[in-house]
Amino acid sequence: GAAPEKGPTMTVIRVTSLLTWQECRYRYELSIRRGLRLAPSEGSGLSPQMSGNAIHFGIESGLAGEDKRTEAHRGADTYLDRFGADRFRQGVHTAIDGVPAEIWEAITPQSERRMFVDYGMFTMTGKPDFWTYNEEAVVITDFKSTSKDEVERLEKLQLFNMQPRYYAVLLHDELAKLGRTPPPLYTRHLVLSTRGKHAYGAPRLLTESQVKDTRSMMLRVASRIVGAPEQGFLDATVSSACA
């Protein structure tokens, strides 16, 4: 995520910025407001985030291509070659192999399309990893990668990860502003393991009350970000979120 983008009369806040703020306000200060990044691993010169970035870059490349699986692997190789991150290669390709056929075969899927919705004091923006839309349902899929316990991570994501829910609210409100009745909204997670032990979450319906509650949370957090002073070490969350 990037820092709020201030225009002449509007502040633009990304969904990923909301999540960082909720996890650790001090990390938000360091990574988003100050633009700092994790140092590369000692000796290798490689960031520990490169594996996940390569997986996401590969999937995005595949969804935009004709031969989607082949393009996904080719895109991941391009990313890894660019940074000399060969040691991640096998795990990255193993994770991409975990993308189910239904994703590659989806009809007119949406991938990485950025949404902008005006809420008065600020504009919220976000781009889901993948979603499908028709008159019967919207299903928003969030891809996560891991090299650890993928089943435990899936359970936590399905219960607590707000990211796809925020995207669902943005899409709901975008359609409503266009005068269209939003269809039922579902969210799901796919955890792609570099060990090959993938975990797939079932789509979960967001009820009208959950859409309302999620919107309220999103706007409350965004309002706090806009009005917040500089965050210091004493604002850090005492948990691994600020590690």
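Which residue, with a positive phi, follows α2? In this predicted model, the answer is Gly 35, whose phi is near 75 degrees. With that local detail in place, the description can step back to the chain as a whole and then return to its helices and strands.

The protein chain contains 9 helices and 9 strands. Its radius of gyration is 18 Å, in agreement with the value near 18 Å that a compact globule of 243 residues would have. Taken along the principal axes, the box filled by the C-alpha atoms comes to roughly 45 × 45 × 35 Å. Of the 243 residues, 45% are buried. Contacts that reach across the sequence are well represented: when pairs at least 6 apart in sequence are considered, 66% of the contacts join residues at least 24 apart. The surface exposed by the protein chain amounts to about 12900 Å², and carbon and sulfur atoms supply 52% of this area. As for charge, there are 31 positive and 30 negative side chains, and a separation of 5 Å lies between the centres of the two sets.

Helices α1 and α2 make a good starting point for a tour of the interior. In α1, the buried residues are Val 15, Ser 17, Leu 18, Leu 19, Thr 20 and Trp 21. Their cover includes two strands, β2 (11–14) and β4 (122–126), together with the helices α2, α8 (163–177) and α9. Helix α2 spans residues 25–33, and within it Tyr 28, Glu 29, Ser 31 and Ile 32 are buried. Among the elements that cover these residues are α1 (15–23) and α9 (208–227). Helices α1 and α2 thus appear in each other's cover. One of the buried residues of α2, Glu 29, also has a distant partner in sequence: the C-alpha atom of Gly 232 is 7.7 Å from that of Glu 29, although 203 residues separate the two along the chain. Gly 232 itself belongs to the segment after α9 and, with a relative accessibility of 26%, counts as partly exposed.

Helix α3 offers a neat check on helix geometry. Its 14 residues (residues 50–63) should span 20 Å at 1.5 Å a residue, and the end C-alpha atoms are indeed 20 Å apart. The buried residues of α3 are Met 50, Ser 51, Gly 52, Ala 54, Ile 55, Gly 58, Ile 59, Gly 62 and Leu 63. A helpful piece of background is that an α-helix has 3.6 residues a turn, so residues three or four places apart point the same way. The cover over the buried residues of α3 includes the helices α4 (68–83), α5 (89–96) and α6 (101–104), as well as the strands β5 (130–133), β6 (138–146) and β7 (185–193).

Two of these covering strands hold residues that merit a closer look. Ile 140, in strand β6, is buried, with a relative accessible area of 1%. Setting aside residues up to four places away in sequence, Ile 140 touches Pro 128, Phe 130, Trp 131, Pro 164, Tyr 167, Ala 168, Tyr 186, Thr 187 and Arg 188. From Ile 140 to Glu 102, the C-alpha distance is 13 Å, across a sequence separation of 38 residues. Ser 193, in strand β7, is likewise buried, with a relative accessible area of 0%. Beyond residues up to four places away in sequence, Ser 193 touches Thr 94, Ala 95, Thr 146, Glu 150 and His 198. Lys 144 lies 49 residues from Ser 193 in sequence, with their C-alpha atoms 8.5 Å apart.

A loop residue completes the picture. Gln 110 sits between α6 and β3 (115–118) and counts as partly exposed, with 27% relative accessibility. Apart from neighbours within four places in sequence, Gln 110 is in contact with Asp 129, Phe 130 and Trp 131. The C-alpha atoms of Gln 110 and Thr 132 are 6.0 Å apart, while 22 residues separate the pair in sequence. Phe 130 and Trp 131 are thus contacted by Gln 110 and are also among the residues that Ile 140 touches.

Methods
Residues numbered from 1 in each chain as written. Predicted model: local features only at pLDDT ≥ 70, side-chain atom pairs only at ≥ 80, totals over all residues. Heavy atoms only, no water. Helix = DSSP H or I, 4+ residues; strand = E, 2+ residues; numbered from the N terminus. Rg over C-alpha atoms; globule rule 2.2 N^0.38 Å. Buried < 20%, exposed > 50% of the residue type's maximum accessible area, 1.4 Å probe, protein only. Contact = heavy atoms within 4.5 Å. Areas by Shrake-Rupley, 256 points an atom, 1.4 Å probe, with all protein chains shown as cover. Lys, Arg positive; Asp, Glu negative; His and termini not counted. Charge placed at Lys NZ, Arg CZ, Asp CG, Glu CD. Expected span 1.5 Å × (residues − 1).
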